[in-house]
Amino acid sequence: MYDGYKKYGKEEASSYEEEREKEDHWWQEDQYVADYFRSNQPSEILDAPVGTGRFFHHYINAEKIIGIDISEQMLAESTKKLLNQHLKNISLQHADILKLDFLDNQFDLTICWRFAHLVPEELLGSALLELGRVTKGTILLQAYVAPPYWVRLLLALARLPNKLIRPLTGSSPPPPP
C-alpha cells in the first residue's frame, strides 16, 4: 500500500530540508538542477512532488510553474518559501501524481525529485506514465540506484555485531562504510 498521503507529517515536513542539507548528494542534486537550468529555459514547469520548494530559486526564467504534492504539510512548507521569496509565477496544488488533472503535453519540463524510491513498484510505472502524459518536453527524474547484490551483502555483514563477524572472517570487523 502506498503511504505517500501520510509519509510527511508536520514535524517531518518542517525539518525536511534542514536534515537533508547535511547529505553530500543533496548539494550534488542542486548543482545538477542548476546546471540544467543554465542550459535550458523551459516555459512551463511541473514540479512533482514539489516538497518544500527546494528548487524554486532555479525557476527564475520560467513563465509558469505548478508545484504539486500529495502531502499537505509539504505544501505548507513550500507555501512559506513561495511567500518569503515573493515568487508570483508559481502556483501550488494538492494533487496525486497517479491522477494528474492537467492536459496532455501541457508542460515543457517536469521535475520529479526524491520520489521514485517512495512509490511501491506496482505503482511506479503508472506514476511515470502519468508524468509522461502531461509532459511534452523533458522529465528530470531523480532515482536512487541500488548497489549490486554483493556490495549490499558486504555492507550488511559490516553492520553485524562483532561477535558474529569474528567467527566468519577470523578478524575484527571492518570499519563502518
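**A buried arginine, an open sheet and two low-confidence stretches**

R114 is tucked away in this predicted model: its relative accessible area is 8%, and since anything under 20% counts as buried, R114 falls in that class. The residue belongs to the loop that links β4 to α4 (121–134). Its backbone also catches the eye, with phi near 50 degrees, a positive value in a residue that isn't glycine. Most residues other than glycine have a negative phi, and most peptide bonds are trans.

N105 is another non-glycine residue with a positive phi, here about 55 degrees. It sits in the loop between β3 and β4 (107–112). N105 has a relative accessibility of 44%, so it is classed as partly exposed. The trans rule has its exception too: the peptide bond running from A48 to P49 is cis, with omega near -5 degrees. P49 itself is part of the loop between β1 and β2.

Next comes the sheet. Strands of a sheet pair through backbone hydrogen bonds, either parallel or antiparallel. Here there are five strands, lined up as β3-β2-β1-β4-β5 in an open sheet with parallel pairing. The edges are taken by β3 (90–94) and β5 (135–141); each has just a single partner strand, so one side of each has no neighbour in the sheet. Going from one strand to the next, the twist averages 20 degrees. β1 (residues 44–47) and β2 (residues 64–69) run parallel and are joined by four bridges. For D47, the bridge partner in β2 is G67. Helix α3 (residues 72–84) packs on the sheet, where it touches β2 and β3, and its direction makes about 165 degrees with that of β3.

α3 has a helix partner as well. Two packed helices are described by the angle between their axes and the distance between the axes. For α1 (residues 10–20) and α3, the angle is about 40 degrees and the axes are 8 Å apart. The two helices are therefore oblique to each other. K10, A13, S14, Y16 and E17 make the contact from the α1 side, meeting Q73, M74, E77 and K81 of α3. The crossing of α1 past α3 is right-handed.

Over in helix α2 (residues 24–39) sits F37. With a relative accessible area of 9%, below the 20% cut-off, F37 counts as buried. Leaving aside residues up to four places away in sequence, F37 touches P42, I45, H58, Y59 and L109. Take Y59: 22 residues separate it from F37 in sequence, yet the two C-alpha atoms are 7.6 Å apart.

How far can the model be trusted? The mean pLDDT of the chain is 85, with 86% of the residues at 70 or more. Among the chain's elements, β1 has the highest mean pLDDT, at 98, and helix α6 (residues 162–169) the lowest, at 47. Residues 163–169 stay under 50, and the model gives this stretch 11 contacts beyond four places in sequence. Residues 173–177 are also below 50, with five contacts in the model beyond near neighbours in sequence. Where pLDDT is low, the predicted coordinates should not be read in detail.

Methods. Residues are numbered from 1 along each chain as its sequence is written. This is a predicted model: local features need pLDDT of at least 70, side-chain atom pairs count only at pLDDT 80 or more; totals for chains, interfaces and linings use all residues. Side-chain values use heavy atoms; hydrogens and water are left out. Two strands pair if DSSP finds at least two bridges between them. Axes are lines fitted to C-alpha atoms, for helices over the stretch in contact, and angles run from 0 to 180 degrees between N-to-C directions. Contact means heavy atoms within 4.5 Å. Buried means under 20% relative accessible area, exposed over 50%, partly exposed in between (1.4 Å probe, protein chains only). pLDDT is the predictor's confidence in each residue, from 0 to 100. Angles under 35 degrees count as roughly parallel, over 145 as roughly antiparallel, 65 to 115 as roughly perpendicular and the rest as oblique. A crossing is left-handed if the near helix is turned anticlockwise from the far one by less than a right angle, and right-handed if clockwise.
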